[in-house]
Amino acid sequence: TDIQVENGLPYYYTVSALDDQYGESDRSVIASAVPLGAHGLPYMTDLEDNDGGFIADEDTQWDWGISEYGPDGAFSGENVWGTNLGGSYQNNSDDLLYNIFNIPQSGLPVFIRFAIWYELESDYDFLSVVVDHNNDGEWNVISSFTGSSGVWEMVTIELPEEFRSSYTKLGFFLDTDVSTNGPGAYIDDI
């Protein structure tokens, strides 16, 4: 385990096994990782100047910019994160958008507050607020949305103490079934 790394620089690794009887095995395929720093609290972004540091996979529907479909504009300003800024979201998808925060356990409440507009297939397609507090790839759902909000809503959710750490991944997960879609979900003013 590397404990002293520089954020934003790529690191490359290979693995081999060492056995008393057979010696060292062949090395594995090279894997790479780029460590990212965690945002401290308080954290606020209106998404106007930049994407807020949020991370979306290369193969995702999440897009940052001006909405051309769905809500009539952003909650504030022009830019939002949306599941497809120019049309309906795709069927049978699971798309993650997240950020990394340093949220120490403190005994004091910690809240995530954001504006949301959504139009999803009711009871079949969901936008969930998710957290991975120990970087193991296991995401816990702390809140979900389905159906239609009709208008922009300001939502406040308390982050449970057990989901806080110095490297907490907090995000939005779109999970859709194989039929019927709509404009999707849009996030602003986090």
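Two strands pair if DSSP finds at least two bridges between them. Strands themselves are DSSP runs of E of at least two residues, and helices are runs of H or I of at least four residues, both numbered from the N terminus.

The model is predicted: local features need pLDDT of at least 70, side-chain atom pairs count only at pLDDT 80 or more, and totals for chains, interfaces and linings use all residues. Residues are numbered from 1 along each chain as its sequence is written, and side-chain values use heavy atoms, with hydrogens and water left out.

**Exercise 1. Describe the overall make-up of the protein.**

Solution.
Step 1. Count the elements: the protein has zero helices and 14 strands.
Step 2. Consider the extent: the C-alpha atoms fill a box of roughly 65 × 40 × 30 Å, taken along the principal axes.
Step 3. Consider burial, where buried means under 20% relative accessible area, exposed over 50%, and partly exposed in between (1.4 Å probe, protein chains only). Of the 190 residues in the protein, 38% are buried.

**Exercise 2. Determine the pairings of β9 and place this strand in its sheet.**

Solution.
Step 1. Begin with β14 (residues 184-188): β9 pairs with this strand in the antiparallel sense over five bridges. Within this pairing, E119 stands opposite G184, and I116 stands opposite I187.
Step 2. Turn to β12. Strand β9 (residues 111-119) and β12 (residues 153-158) are joined in the antiparallel sense by six bridges. Here F114 has V155 as its bridge partner.
Step 3. Recall the general rule: strands of a sheet pair through backbone hydrogen bonds, either parallel or antiparallel.
Step 4. Assemble the sheet. It is open and has five strands in the order β6-β7-β14-β9-β12, with antiparallel pairing. The edge strands are β6 (63-66) and β12, each of which pairs on one side only. From one strand to the next, the twist averages 40°, where axes are lines fitted to C-alpha atoms (for helices over the stretch in contact) and angles run from 0 to 180 degrees between N-to-C directions.

**Exercise 3. Examine β14 with respect to its other partner and its burial.**

Solution.
Step 1. Identify the partner: β7 (residues 79-82) pairs with β14 in the antiparallel sense over two bridges. In this pairing G82 stands opposite Y186.
Step 2. Assess burial: β14 is mostly covered, as five of its five residues are buried.

**Exercise 4. Compare the surroundings of L47 and T180, two residues with positive phi.**

Solution.
Step 1. Note the angles. L47 has a positive phi of about 65° although it is not a glycine; for T180, likewise not a glycine, phi is about 60°.
Step 2. Locate the residues. L47 belongs to the loop between β4 (31-33) and β5 (55-56), while T180 lies in the loop between β13 (168-175) and β14.
Step 3. Read the accessibility. L47 is buried, at a relative accessible area of 0%, whereas T180 is partly exposed, at 47%.

**Exercise 5. Characterise two further loop residues, Q61 and N135.**

Solution.
Step 1. Place Q61 in the loop between β5 and β6. Its relative accessible area is 9%, so Q61 is buried.
Step 2. Find its partner. The side chains of Q61 and D95 are joined by a polar contact of 2.6 Å. A polar contact is a pair of N or O atoms within 3.5 Å; within protein, one must be able to donate a hydrogen and the other to accept it, and residues adjacent in sequence count only if both atoms are side-chain atoms.
Step 3. Place N135 in the loop between β10 (126-132) and β11 (140-145). With 42% relative accessibility, N135 counts as partly exposed.
Step 4. Relate N135 to K169: they are 34 residues apart in sequence and 7.4 Å apart in space, C-alpha to C-alpha.

**Exercise 6. Describe the largest pocket.**

Solution.
Step 1. State the definition: on a 1 Å grid over the protein atoms alone, a pocket is an open set of points where a 1.4 Å probe fits, with protein on both sides within 12 Å along at least five of seven lines; lining residues have an atom within 4 Å of a point.
Step 2. Give the lining: 18 residues line the largest pocket, and Y43, F111, I112, R113 and I190 lie nearest its centre. The elements giving two or more residues to this lining are β9 and β13.
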